[in-house]
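Let's take a walk through the inside of a protein and see what fills it and what is left empty. Have the sequence and the 3D view ready, and look things up as we go.

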Amino acid sequence: MSSELPRVGLDLDGSLESLGNSMTDLANALDATGECVLVRFRSHSAPTSPNEARLALRSLWTPLWRRSLGPSLDRLLDPVDVVHVAGRTTPPTKSTPLIISVDDLRPLRGESREYQRINQLRRAVRHGATLVASTRSAGREVQSVLDIDRARVVVVPPAVPLVQPTVTGTAIVVNLTGVVKPFFTLAPALIEFAKSQGTHVEAVTSAQMAQRIRSRGLGVRLRPRSDARSALREARVVLHVSDGARFPSFAIAALAAGVPTIARATTINRELLSGAAALTESDDEVIPTLNEIWESPTRRAIMTAAGRSRAEDFAPATAARAYAALYREVVRGWNP
């Protein structure tokens, strides 16, 4: 290492979540640990503050970096001991170890596979990069799809942005990520239940999915992802509906805010949410579970306490400690 503390080049253009930029949250938490020296940069947008490094001719290199090609980042940054990127931009390095967080599995799946992304990550691994998956199940999927050695994939959950506790929420808030068909199945019963309780259903989703919901004429309030924090403040119960391709940051933020949360018993949800959220095996269980959570103060109190405790596992400070340890390990084992 170039000093007692590792110097880390951290790309802030990475894992963008509806609750905020988790890479910025990670950067701030890493600074607070005092366990590394950060060199912040942005790989596909202009710097937004004086403490971010400027990359010469960055706009020219970004298209190449999306294929793990182009000029080495080493020659554009001040000397660092390790580089950490997330998202779709993976600039190559010549003499510095590279860590790539792979938080979105959609480009690696089935008919939606973007072979550019698969080839990009394989190329990076061949040049020595370490991949970081957000869960054990995601790590196994990354290893299988890319056909790489298990040792090249480590597991570190991302930083879930901090949120304020929800105190007076009254709505049923549905977070839709990657899928909408399950919501169409559940929506009539959810709307009917909400009306019986004198409240409403809100759906936090992408613009594309919002248009599909709007075309069905469903009586729900649609929220863009940029309104995720506001929607969470209005929630009495959160229903997390996802294809499992991304880390469930919204569901974990709901737990941190003290909002009882329901999710399908998928592999990733069992791994991350079991014992803290209510996991259902089928759509038929959703409304009975919702009714119990809505009506039972005891169940709500238990879920609130368990959720807040579980959310601590994914707080920015927790993620920062795990990543600081990974940086030291990667630097020690680097053999250019």
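Let's start with a pocket: helix H8 (249–256) and helix H11 (297–311) each supply at least two residues to the lining of the second largest pocket. Keep in mind that you're looking at a predicted model. Of those two helices, H8 deserves a special mention, as the largest share of this lining, 3 residues, comes from H8. The lining has 14 residues in total, and Leu162, Val163, Ala256, Ala311 and Glu312 are the ones nearest the pocket's centre. What sort of residues are they by class? The lining has 12 nonpolar, no polar and 2 charged residues. The space inside this second largest pocket comes to about 190 Å³.

Now for the closed spaces. Rolling a probe the size of a water molecule over the atoms shows where empty space is left. How many cavities of 30 Å³ or more does a search of the whole structure find? The search turns up 2. Here they are, together with the pocket we just visited:

| Space | Volume | Lining by class |
|---|---|---|
| Largest cavity | about 50 Å³ | 5 nonpolar, 4 polar, 1 charged |
| Second largest cavity | about 30 Å³ | 6 nonpolar, 2 polar, 2 charged |
| Second largest pocket | about 190 Å³ | 12 nonpolar, no polar, 2 charged |

If you want to find the largest cavity on screen, try clicking on some of its lining residues, among them Ser15, His84, Ser101, Pro158 and Tyr323. Helix H1 (residues 22–33) gives the most to this lining, with 3 residues. For the second largest cavity, look for lining residues including Val102, Leu105, Gly244, Phe247 and Ile268. Asp103 is worth a click too: this residue is in the lining of the largest cavity and also in the lining of the second largest cavity.

Next up, the packed parts. The largest nonpolar core has 30 residues, and Ile100, Leu131 and Val142 have the most contacts inside it. Plenty of elements chip in: strands E4 (37–41), E6 (82–86), E7 (98–102) and E8 (130–133), along with helices H2 (58–65), H3 (115–126) and H4 (136–146), each supply at least two residues of this core. There's also a second, separate core of 28 residues, which includes Ala231, Leu255, Ala276 and Ala277.

Let's zoom in on Ile100. Which residues does Ile100 touch, once its neighbours within four places in sequence are left aside? They are Val85, Thr90, Leu121, Ala124, Ala129, Thr130, Leu131 and Val132.

One name on that list makes a good next stop. Thr90 sits in the loop between E6 and E7. Is Thr90 buried or exposed? Its relative accessible area is 0%, and buried means under 20%, so Thr90 counts as buried. The side chains of Thr90 and Ser68 are joined by a polar contact of 2.6 Å. Leaving aside neighbours within four places in sequence, Thr90 is in contact with Trp65, Ser68, Val85, Ile100, Arg117 and Gln120.

For a contrast, go to Arg75, in the loop between H2 and E6. Arg75 has a relative accessible area of 60%, and exposed means over 50%, so Arg75 counts as exposed. In sequence, Arg75 and Lys94 are 19 residues apart, while in space they are 8.7 Å apart, C-alpha to C-alpha.

Notes: Residues numbered from 1 in each chain as written. Predicted model: local features only at pLDDT ≥ 70, side-chain atom pairs only at ≥ 80, totals over all residues. Heavy atoms only, no water. Core = buried A, V, L, I, M, F, W, Y, C linked by side-chain atoms within 4.5 Å. Buried < 20%, exposed > 50% of the residue type's maximum accessible area, 1.4 Å probe, protein only. Helix = DSSP H or I, 4+ residues; strand = E, 2+ residues; numbered from the N terminus. Contact = heavy atoms within 4.5 Å. 1 Å grid on protein atoms, 1.4 Å probe; cavity = no way out; pocket = protein on both sides within 12 Å on 5 of 7 lines; lining within 4 Å. Points joined across faces, edges and corners; volume = space filled by probe spheres on them. Nonpolar A, V, L, I, M, F, W, Y, C, P; charged D, E, K, R; others polar. Polar contact = N/O pair within 3.5 Å; in protein donor to acceptor, adjacent residues only side chain to side chain.
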